[in-house]
Amino acid sequence: MSTVATTQIKLTPERSRTSVRSRLQDALPKIVLAPSFAITIVFVYGFILWTIYLSFTNSKTFPSYVITGSRAYQRLWGWTFDTDPPSSWYTSITNMGIFGFLYILICLALGLFLAILLDQKIRGEGVLRPIYLYPMALSFIVTGVAWKWFLDPGLGLEQTLHQWGWTSFHFDWIKNKDFVIYTVVIAGVWQASGFIMAMFLAGLRGIDGEIMKAAQIDGATTFQLYRRIVIPLLRPIFLSAFIVLAHLAIKSYDLVVALTSGGPGGSAWLPSNFMYEYTFKRNEMAVGSASAVIMLMTIVAIIVPYLYSELREKPR
């Protein structure tokens, strides 16, 4: 009996130490993630709620705690539909429509085209992929400055061609209030299309080759192969690429500032530029907060259906 009791006394501390160690191992990831989780809660979601609150106040240069209801939102949409000439908010949302549509459409089309070309196992693929991906490694500030030099009539493409003798060539979009937003599209597409190409290329490489061979044996042409088999199978990639591009388009600010400085008379403004201008320069914090909330709601309207479709498909 004494031997058994002694053995039990010796094993009990070992079990206790094992239990404590296992609990620490289980708790360690939570302890490590707790600071970043707390920072995210406070400085992301906390300030989102703070911005929403400010949009319902009469805040000017400094925050105000006087609730005035939806007055800031009424001012925004009043400026949209009731002003002549158009207000800067109307210009911003119009530019957002133009930029967002062209940016997403061209990036998707160009990215898919480049991915299909690289998927043909061409020589030098290992060199071409980094070349196409390199622009995405640059910040929007660098991209904007580089394209500003290239598109400036007195410095870039137009001046170079004039020096070569083509004096009739003119390309002054960056200084033309009616076309300046399209220069933002050009710079944005140049930066993002390589990243979209990489997404599509990964999707193409993940398609089962047996399906392709079976379709070719059945007599499908290359066009039919891509239209009826490959592109439908890339539907999740299209959706993911759309979400990424829409997010980049809505939050674009530094590209516009670096490329056009807002354009002639603010003609290249996007909602993010409007928000910054009215919040920090024109002392209309409530109006700027309202525009920020509208941008947030636009992103939510895009992301929530995507998350819903992803979560709905997983249980299946």
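What follows is a conversation between a visitor and a guide about the predicted model shown above.

Visitor: Which conventions apply to the numbering and to the pLDDT limits of this predicted model?
Guide: Residues are numbered from 1 along each chain as its sequence is written, and side-chain values rest on heavy atoms, with hydrogens and water left out. Since this is a predicted model, side-chain atom pairs count only at pLDDT 80 or more, totals for chains, interfaces and linings use all residues, and local features need pLDDT of at least 70.

Visitor: How many helices and strands does the protein have?
Guide: Helices (H or I, at least four residues) and strands (E, at least two) are taken as DSSP runs and numbered from the N terminus. Read along the sequence, the pattern is α-α-α-α-α-α-α-α-α-α-α-α-α. The secondary structure thus comes to zero strands and 13 helices.

Visitor: What is the radius of gyration of the protein, and how does that value stand against the globule rule?
Guide: The radius is taken over C-alpha atoms, and the globule rule is 2.2 Å times the number of residues to the power 0.38. Along the principal axes, the C-alpha atoms fill a box of roughly 105 × 70 × 40 Å. For 316 residues the rule gives 20 Å, and the protein lies well over that, so it is more spread out than a compact globule, with a radius of gyration of 28 Å.

Visitor: What share of the 316 residues is buried?
Guide: Buried means under 20% relative accessible area, exposed over 50%, and partly exposed in between, with a 1.4 Å probe and protein chains only. The protein exposes about 19,200 Å², of which carbon and sulfur atoms supply 66%; this area comes from the Shrake-Rupley method with a 1.4 Å probe. Of the 316 residues, the buried share is 35%.

Visitor: Which helix gives the most residues to the largest nonpolar core?
Guide: A nonpolar core is a set of buried Ala, Val, Leu, Ile, Met, Phe, Trp, Tyr and Cys residues joined through side-chain atoms within 4.5 Å, and the largest one here has 48 residues, among which F99, Y103, I196 and L245 touch the most other members. At least two residues of this core come from each of several helices, including helix 3 (88-118), helix 7 (180-205) and helix 10 (235-251). With 13 residues, the helix that gives the most is helix 7.

Visitor: Which residues does Y103 touch, not counting residues up to four places away in sequence?
Guide: Contact means heavy atoms within 4.5 Å. Y103 is one of the residues that touch the most other members of the largest core. Leaving out residues up to four places away in sequence, its partners are V185, G188, V189, A192, L245, L248 and A249.

Visitor: Is L54 buried or exposed?
Guide: L54 has its place in helix 1, which spans 2-54. Not counting residues up to four places away in sequence, L54 touches S59, P63, S64, M285, A286 and S289. At 4% relative accessibility, L54 counts as buried.

Visitor: How far apart in space are G69 and M212?
Guide: G69 lies in the loop between helix 1 and helix 2 (71-81), is partly exposed with a relative accessible area of 26%, and touches S55 and F56 when residues up to four places away in sequence are not counted. G69 and M212 are 143 residues apart in sequence, and their C-alpha to C-alpha distance is 59 Å.

Visitor: What is the phi of S261, and where is this residue found?
Guide: S261 is exposed, with a relative accessible area of 53%. Its place is the loop between helix 11 and helix 12 (271-281). Although S261 is not a glycine, its phi is positive, at about 55°.

Visitor: Which residue in the loop between helix 12 and helix 13 has its place described here?
Guide: The loop lies between helix 12 and helix 13 (285-313). The residue counts as partly exposed at 34% relative accessibility, and its phi is near 55°, a positive value in a residue other than glycine. The residue is N283.

Visitor: How far apart are the centres of the positive and negative side chains?
Guide: Lys and Arg count as positive and Asp and Glu as negative, while His and the chain ends are not counted; each charge is placed at NZ of Lys, CZ of Arg, CG of Asp or CD of Glu. The protein has 26 positive and 18 negative side chains, and the centres of the two sets are separated by 11 Å.
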